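Open the model in your viewer and set side chains to show as sticks. This tour goes from one pair of charged residues to the next.

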Amino acid sequence: MNVVYETNCPTLKLLGRGKVRDIYDLGQYLLLVATDRLSAFDVVSADPIPEKGRVLTEMSVFWFGWLKRTLPWLKTHFLTADGQEIIKLQPDVVPYAGQLAGRSMLVYKVDRIIPVEAVVRLFLYGSGWSDYQKTGAVCGVELPPGMKKADALPMPMFTPATKEEQRQHDENVSVQEALNRGLITPLELSAVAATASLVLFLANEYAKTKGILIPDTKFEFGMLDGELVLADEVLTPDSSRFWPADQYKPGGDQPSLDKQFVREWLEKEVEAGRWNKTAPMPRLSRDIIIGTTERYLEALKRLTS
């Protein structure tokens, strides 16, 4: 099995390594390579997850194509993930075709990446549920009293978050705070909030036909030639929650086909006093690694079949 924890392409210009992706500058384009690294609570595991990079790439490619058909007006940075097409456009990648195969996307460079994660929620869960328990609100937006964990929200909720580097935790912020800190302009905010909410709503409606609910996700946007573009990955098990629809029951934890499987195990390590959510992450057992791979593959199979 071809597991890639970190790419090694010395004749290509490495722009940076994210928590999961290695990014190469190819002049007019960027090459985004989804490795098999896993991050949780903004800490990168030393243990790779087999098939993960391929699943993230295939899932994003599927959604970019779906969005092109469903919302033809929506601009994205995606160009191609076809290996032969990438080689045709960028012959310099030929020596590294083996490690890049099945996990690479060639994308347009954006003029500006908006430094806010566009988090959208359809259900009350995760950090949103934690906020609600403490304040009755999520990112400053008050919700009706008496809501239960995993309840459907009255409408899609846009809750931005800061984007931090490795070893730093992303931070939920209110819309007003994002504006006050200059992270996003009012015009960008309006466009991002509306677009992200619409994309998740429509994607969730499609996913329901495949037996999956998408309770929340995060998007990344940028500006290209003065227009808003959807960038990075889209609706993957890394950036989204996927719940089997036939097992959904509000009022408690939900079974998942995403990274929540690892988060829940890590939370138990925290409760036992064996981890404090800082690097290094506890080593993942074989069962956790295999279980994560199985969930990612199942999500891919259901959504893209």
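A salt bridge is a side-chain nitrogen of Lys or Arg within 4 Å of a carboxyl oxygen of Asp or Glu. The model on screen is predicted, and it holds 22 salt bridges.

**First stop.** Select K13 and D25. The two form a salt bridge, with the closest N and O atoms 4.0 Å apart. K13 belongs to strand β1 (residues 13-17) and D25 to strand β2 (residues 21-26), so the bridge ties together parts that are twelve residues apart in sequence. Is each partner buried or exposed? K13 is exposed, at 53% relative accessible area, while D25 is buried, at 14%.

**Second stop.** Stay on strand β2 and select R21, then add E233. Their side chains meet in a salt bridge of 2.9 Å, N to O. E233 sits in the loop between β17 (227-231) and β18 (243-244), so this pair ties together parts that are 212 residues apart in sequence. E233 is buried, with a relative accessible area of 8%; R21 is buried as well, at 11%.

**Third stop.** Select K149 and D253, whose closest N and O atoms are 2.4 Å apart in a salt bridge. K149 is in the loop between β12 (141-142) and β13 (152-158), and D253 is in the loop between β18 and α7 (260-271), so parts that are 104 residues apart in sequence are tied together. K149 is partly exposed, at 21% relative accessibility, and D253 is exposed, at 56%.

**Last stop.** Select E6, R17, D22 and R37 together. These residues are linked in a network of salt bridges.

How values were computed:
Residues are numbered from 1 along each chain as its sequence is written. This is a predicted model: local features need pLDDT of at least 70, side-chain atom pairs count only at pLDDT 80 or more; totals for chains, interfaces and linings use all residues. Side-chain values use heavy atoms; hydrogens and water are left out. Helices (H or I, at least four residues) and strands (E, at least two) are DSSP runs, numbered from the N terminus. Buried means under 20% relative accessible area, exposed over 50%, partly exposed in between (1.4 Å probe, protein chains only).
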